[in-house]
Amino acid sequence: MSSTSNPSVHSSSRETTPEPAKTPLWMSLYVHSIRPPAVNEDTLSGVPSANNPRPLRVMPDNADYWVNNAGEAFTFKFPAILDFLGQFDRSGAYFNLPHTGLDLGAIKKMCAQFEVRPLDTKGEDIFPAKAIRCSSATLDMLNVLHGEAEDARNALIRSKAAYPRDAPFWRTSGFDENQHFSIVVTTDLLVGNIPDPGRASVPRLRRCDIGKSDTMQSPSKAKAAASSGSPPGGDPVPTTPLEPGTQRLSDLPDPLGRYAAMIREYGLQECMVIAPKILSGNGDLIEPHEYRSKLKTGDIVMIEGQLKLWTISPSRRENGPQEDKNGSRHYQVMLKSMQLLPDAKVTPATFANYFSDVKGKRKANDAPEDDHPKKKLAGDDADYDGEKSGEGYGDAEDDDDLYGEQAMQLTDD
């Protein structure tokens, strides 16, 4: 018997997946996900595993930082989804301030925390595959760096029971089938120009103040006068005005009056708010008090971050938690910048310049220059730019550890 082929059968067996529409969001994600320092399978080739993390003298704290081969803070980028509903988000009116026990020390440490989730691995009808891989690879990269650091620091500890408690870069959120990993991204400190109470124990008197009060007869009176910022005569001491447009702590939304109470108690009238580099799609600076009005859950953002590790000594308190008896390690993703997508700078012409080169090999000057906001941003005075290495950003099709779809993705098992 001779057989005849049925053209309809062959055509139906060769169904092709429709190409996703290249929306402004799609194009922005594509461009940002292939530009250095976006995470890919070669990202860690420039970050030695030995002697990492370690102290970095150019940084203002005592944390350990991951450092690249050039001796600079390791900087990377990845796309993610904002989640204001997450249990680790601290971007509301009072940011990361405690609910009780508010004091000057808490104000000095005030910062914002954003909880972000990686792009959905099944979202190729909305996001470019390269952006999904970049986002997923970031969690894998954080897993690798966390594991290396834990192994190195635990190597000399004889018993696992003596290992310090560790809080990794990622968190687990949700319940049952909705359980997922998220990343907590922390900004630098939000408040500056905070007076030192130790230096304000007595007021600074002028010649004309002599004999006008009994301020210097009592330490408590002297401290009260110093905190008020006024000399015995009652006239306010002249202060250097802040630059026009600079936000004060008193300008932040204060629905519970907590800032107002702190300002009165500690004389924080001239404390300024330092805005991290968080930009709208048009490149405008989003101020801290605007996070909940100009950003929302589900927004796609491009995160630029750096990594650091805080090592906490063992607790010596007799009634302290048992889990703190061995000390702890806290791994942090620090926010260097955040860009809301779509990015208006990524035009169809800009996208075509990237998309037409299927090998991903571009000259450095092909990348459009970022517009910088005019206001001074947190981190602008740093001695590094974190974008020195642009190697290894070609297309990668290999299923290695960083791009394995199942790595760091929760399963239904």
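Which residue of β12 does arginine 165 stand opposite? In this predicted model, the residue facing arginine 165 is serine 328 of β12. Arginine 165 belongs to strand β5 (residues 165-167), which pairs with β12 in the parallel sense over three bridges.

Strand β12 (328-340) has further partners. Strand β7 (residues 180-186) runs parallel to β12 and is joined to it by two bridges; here threonine 186 stands opposite methionine 334. Strand β10 (residues 278-279) also runs parallel to β12, again with two bridges, and isoleucine 278 of this strand has methionine 338 as its bridge partner. The pairing of β11 with β12 is antiparallel and comprises 12 bridges. Within β12, methionine 334 is the bridge partner of glutamine 306. Methionine 334 thus appears in two pairings, standing opposite threonine 186 and bridging to glutamine 306. Strand β12 is largely enclosed by the rest of the structure, because 10 of its 13 residues are buried.

Helix α2 (24-34) is likewise largely enclosed by the rest of the structure, since 10 of its 11 residues are buried. The buried residues are Leu25, Trp26, Met27, Ser28, Leu29, Tyr30, Val31, His32, Ser33 and Ile34. The elements covering them include β3, α4 (129-154), β11 (300-312) and α8.

The largest nonpolar core contains 66 residues, of which Trp66 and Phe114 touch the most other members. Helix α4 provides the largest share of this core, with nine residues. Another core, of eight residues, lies apart from it and has Met27, Val346, Phe351 and Tyr354 among its members. Met27 is also one of the buried residues of α2.

Two cis peptide bonds were examined, each preceding a proline. The bond from asparagine 52 to proline 53 is cis, with omega near -5°. Proline 53 is placed in the loop between α2 and β1 (54-55). The bond joining leucine 341 and proline 342 is also cis, with an omega of about 5°. Proline 342 lies in the loop that links β12 to α8 (348-355). Most peptide bonds, by contrast, are trans, and most residues other than glycine have a negative phi.

Positive phi values occur at phenylalanine 95 and asparagine 193, neither of which is a glycine. Phenylalanine 95 has a phi near 50° and is found in the loop between β3 (75-82) and α3 (104-108). Its relative accessibility is 7%, below the 20% limit, so phenylalanine 95 counts as buried. Asparagine 193 has a phi of about 65° and is found in the loop between β8 (191-192) and α5 (219-228). At 47% relative accessibility, a value between the 20% and 50% limits, asparagine 193 counts as partly exposed. Of these two loop residues, phenylalanine 95 is therefore buried, whereas asparagine 193 is partly exposed.

The structure holds zero disulfides. Cysteine 134 has a relative accessibility of 1% and therefore counts as buried. Cysteine 271 is also buried, because its relative accessibility is 1%.

Technical notes: Residues are numbered from 1 along each chain as its sequence is written. This is a predicted model: local features need pLDDT of at least 70, side-chain atom pairs count only at pLDDT 80 or more; totals for chains, interfaces and linings use all residues. Side-chain values use heavy atoms; hydrogens and water are left out. A disulfide is a pair of cysteine sulfur atoms within 2.5 Å. Buried means under 20% relative accessible area, exposed over 50%, partly exposed in between (1.4 Å probe, protein chains only). Helices (H or I, at least four residues) and strands (E, at least two) are DSSP runs, numbered from the N terminus. Contact means heavy atoms within 4.5 Å. A nonpolar core is a set of buried Ala, Val, Leu, Ile, Met, Phe, Trp, Tyr and Cys residues joined through side-chain atoms within 4.5 Å. Two strands pair if DSSP finds at least two bridges between them.
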